[in-house]
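New to this structure? Here's a quick briefing to read with the model open beside you.

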Amino acid sequence: MDKRIVFLGGGTGGTLGANRLRRLWPVEDVEIVVVDRNDDHVYQPGLLFVPFGLAHTEEIVRPRHHQLHQGIEFRQVPVERVDIATDTVHLEDGTALGYDVLVVASGSILVEEETEGLTGPGWMEKVFTFYDIAGAAALHDALDAFDGGRMVVNVVDMPIKCPVAPLEFCFLADWYFQQRGIRDKVELTYVTPLDGAFTKPVASKRLAGLMEEKGVALVTEFNTGQVDGSGGRLVAYDGRQVDFDLAVVVPLHGGASYVARSPGLGDELGFVPVDEHTLQSVSSPNIFAIGDAAGVPTSKAGSVTHFEGEVLVENVRRFLADEPLDASYDGHANCFIETGFGKALLIDFNYDTEPLPGHYPTSVGLPLLKESRLNHLGKLMFQTLYWHSLLPGRDLPGVGSAMPARGKQTESAR
Ligand SMILES: Cc1cc2nc3c(=O)[nH]c(=O)nc-3n(C[C@H](O)[C@H](O)[C@H](O)COP(=O)(O)OP(=O)(O)OC[C@H]3O[C@@H](n4cnc5c(N)ncnc54)[C@H](O)[C@@H]3O)c2cc1C
């Protein structure tokens, strides 16, 4: 065996990256090892649908090791720390794993305990998150039992994975309570630390307009300092308060906990600083990061992880062949935004271009920043593509890593 590539994390990025790399060399030349703390691969976009009974937890979880191609070794054990000086990963079972190339693909974790009171009285009774399996399932029961009152959806702070998911939750909640005939008894409020509904001006305006149409109140620049579950209120650092009967909270996110125990690997939030175009670590040339773990200025999203994957795989190949790296990752991200009643929006953007109206991927594709049934079908279909094309490392027809400019309406064209 000549070389060993180790992936830390076997979620979206670790799986698609390892599967794509496995095709490049015979097993006897390059060993590929994927380490993950558990064997449950969750299709995370499906978590949005669980609280509303539109998906069931068992439908969105599959065994992690089944998603990896033959010739990839799967180690089910938590990572304890990485010693970048000796190119060694220390695992919690006491074993050590040397590497020639390390790919950090351990995503982002929820750090609920960082927010005062969040996991205190009322947690999983009237304060929930849908960002993990247990929370999404418990919220389903709570919504079922909710007959009216004040419901808040709160993002504690950025960055979070899929920054549009809490907005989608609000839109689906509007649909859900209408279906149940109790919409007039529910006061829906979205509470965000941002200064608008979303980060970028054109999308933020469009999404704020949709919230207004759907009767969702918007509270901005609210930095949650405390969640008082028993009193039923969110308290901001500046003293403002928002009262609730049911709170759906997206907790603070951080990088995997071992990053903090690995000097030189990550930043203060536990994400790995990398060159934003090559995905190579700024501290060690033989370390790369993909997906939520990478400290790059774009969204933490599965689409980003997918688009990064093509560049990452090429760069691991080039690094091992001693060739100059490909600096082509442009920050490309796209997301379907479910708006309820069988419709969805689509946004597509990169480091330089904000989400704009138009069509994707060319001038005759899916409508951008506009509600349509086609986008909703795209969102539903994506789960099949995820398991059968994206994770196995197949190219999706017409969907490339770089953001397509064709089809987008610039300001002058609008
Ligand atoms: C509710 C919700 C809705 C979403 N909707 C969308 C959407 O519509 N579109 C979209 O593009 N994205 C969406 N996302 C985001 C998307 O799921 C993630 O961005 C994507 O999965 C990131 O991939 P990743 O490989 O970086 O991390 P993950 O897929 O999360 O994988 C990280 C892996 O690292 C492992 N790990 C962590 N710590 C350790 C450790 N110490 N030792 C060993 N292993 C460890 C974890 O077990 C995990 O398997 C959504 C996410 C959520 C929560």
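Let's start in a loop: serine 281 sits between strands β20 (272-273) and β21 (287-289). Its relative accessibility is 6%, so serine 281 counts as buried. A polar atom of the serine 281 side chain lies 2.9 Å from the backbone nitrogen of serine 283. Keep in mind that this is a predicted model. From here, the tour goes through strands, sheets, salt bridges and a bit of surface.

**Around strand β9**

- Strand β21, which follows the loop of serine 281, pairs with β9 in the parallel sense over three bridges.
- In that pairing, valine 103 stands opposite phenylalanine 288 in β21.
- Strand β9 covers residues 101-104, with Val101 and Val103 pointing one way and Leu102 and Val104 pointing the other.
- Whichever way they point, all of these β9 residues are buried.
- β9 also runs parallel to β1, and four bridges join the two.
- Here the facing residues are valine 6 and, in β9, leucine 102.

**The five-stranded parallel sheet**

- Which strands make up the open sheet with parallel pairing? There are five, in the order β11-β18-β12-β13-β14.
- The edges belong to β11 (127-128) and β14 (216-219); each has a single partner strand, so one side of each has no neighbour in the sheet.
- β14 pairs with strand β13 (residues 186-191) in the parallel sense, over four bridges.
- One place to look is leucine 188, whose bridge partner in β14 is valine 216.
- Just follow the chain back from edge strand β11 and you get to the loop between β10 (108-110) and β11, where leucine 118 is found.
- Is leucine 118 buried or exposed? It's buried, because its relative accessible area is 0%.
- Leucine 118 and glutamine 178 are 60 residues apart along the chain, and their C-alpha atoms are separated by 29 Å.

**The three-stranded antiparallel sheet**

- Another open sheet has three strands in the order β15-β16-β17, and here the pairing is antiparallel.
- Its edge strands are β15 (224-228) and β17 (241-243), each of which pairs on one side only.
- From one strand to the next, the twist averages 15°.
- Strand β16 (residues 233-236) pairs with β17 over three bridges, in the antiparallel sense.
- If you want a residue pair to find, try leucine 234 and its bridge partner in β17, valine 242.

**Salt bridges**

- How many salt bridges are there? The count comes to 16.
- One of them joins arginine 4 and glutamate 31, whose closest N and O atoms are 3.0 Å apart.
- Arginine 4 is in strand β1 (residues 3-8) and glutamate 31 is in strand β2 (residues 30-36), so this pair ties together parts that are 27 residues apart in sequence.
- The partners aren't equally covered: arginine 4 counts as partly exposed at 24% relative accessibility, while glutamate 31 is buried at 19%.
- Why does glutamate 31 count as buried? Its relative accessible area is 19%, and buried means under 20%.
- Aspartate 36 and arginine 64 form another salt bridge, at 3.4 Å from N to O.
- That pair links distant parts of the chain, 28 residues apart: aspartate 36 is in strand β2, and arginine 64 is in the loop between β4 (61-63) and β5 (72-76).
- Aspartate 36 is buried, with 8% relative accessible area, and arginine 64 is buried too, at 7%.
- Aspartate 238 and arginine 240 also form a salt bridge, with the closest N and O atoms 3.1 Å apart.
- Aspartate 238 is exposed, with a relative accessible area of 52%, whereas arginine 240 is partly exposed at 33%.
- Glu314, Arg317, Arg318 and Glu323 are linked in a salt-bridge network.

**A nonpolar patch on the surface**

- Which leucines form a nonpolar patch on the surface? They are Leu374, Leu377 and Leu380, and together they have about 280 Å² of accessible area.
- Leucine 380 belongs to helix α7, which covers residues 373-390.
- With a relative accessibility of 45%, leucine 380 counts as partly exposed.

Note on methods:
Residues are numbered from 1 along each chain as its sequence is written. This is a predicted model: local features need pLDDT of at least 70, side-chain atom pairs count only at pLDDT 80 or more; totals for chains, interfaces and linings use all residues. Side-chain values use heavy atoms; hydrogens and water are left out. Two strands pair if DSSP finds at least two bridges between them. Axes are lines fitted to C-alpha atoms, for helices over the stretch in contact, and angles run from 0 to 180 degrees between N-to-C directions. Patches are made of residues with over 30% relative accessible area and no salt bridge: like charges are joined within 9 Å, nonpolar side chains (Val, Leu, Ile, Met, Phe, Trp, Tyr) within 5 Å. Accessible areas come from the Shrake-Rupley method with a 1.4 Å probe; for residues, only the protein chains shown count as cover. A salt bridge is a side-chain nitrogen of Lys or Arg within 4 Å of a carboxyl oxygen of Asp or Glu. Buried means under 20% relative accessible area, exposed over 50%, partly exposed in between (1.4 Å probe, protein chains only). A polar contact is a pair of N or O atoms within 3.5 Å; within protein, one must be able to donate a hydrogen and the other to accept it, and residues adjacent in sequence count only if both atoms are side-chain atoms.
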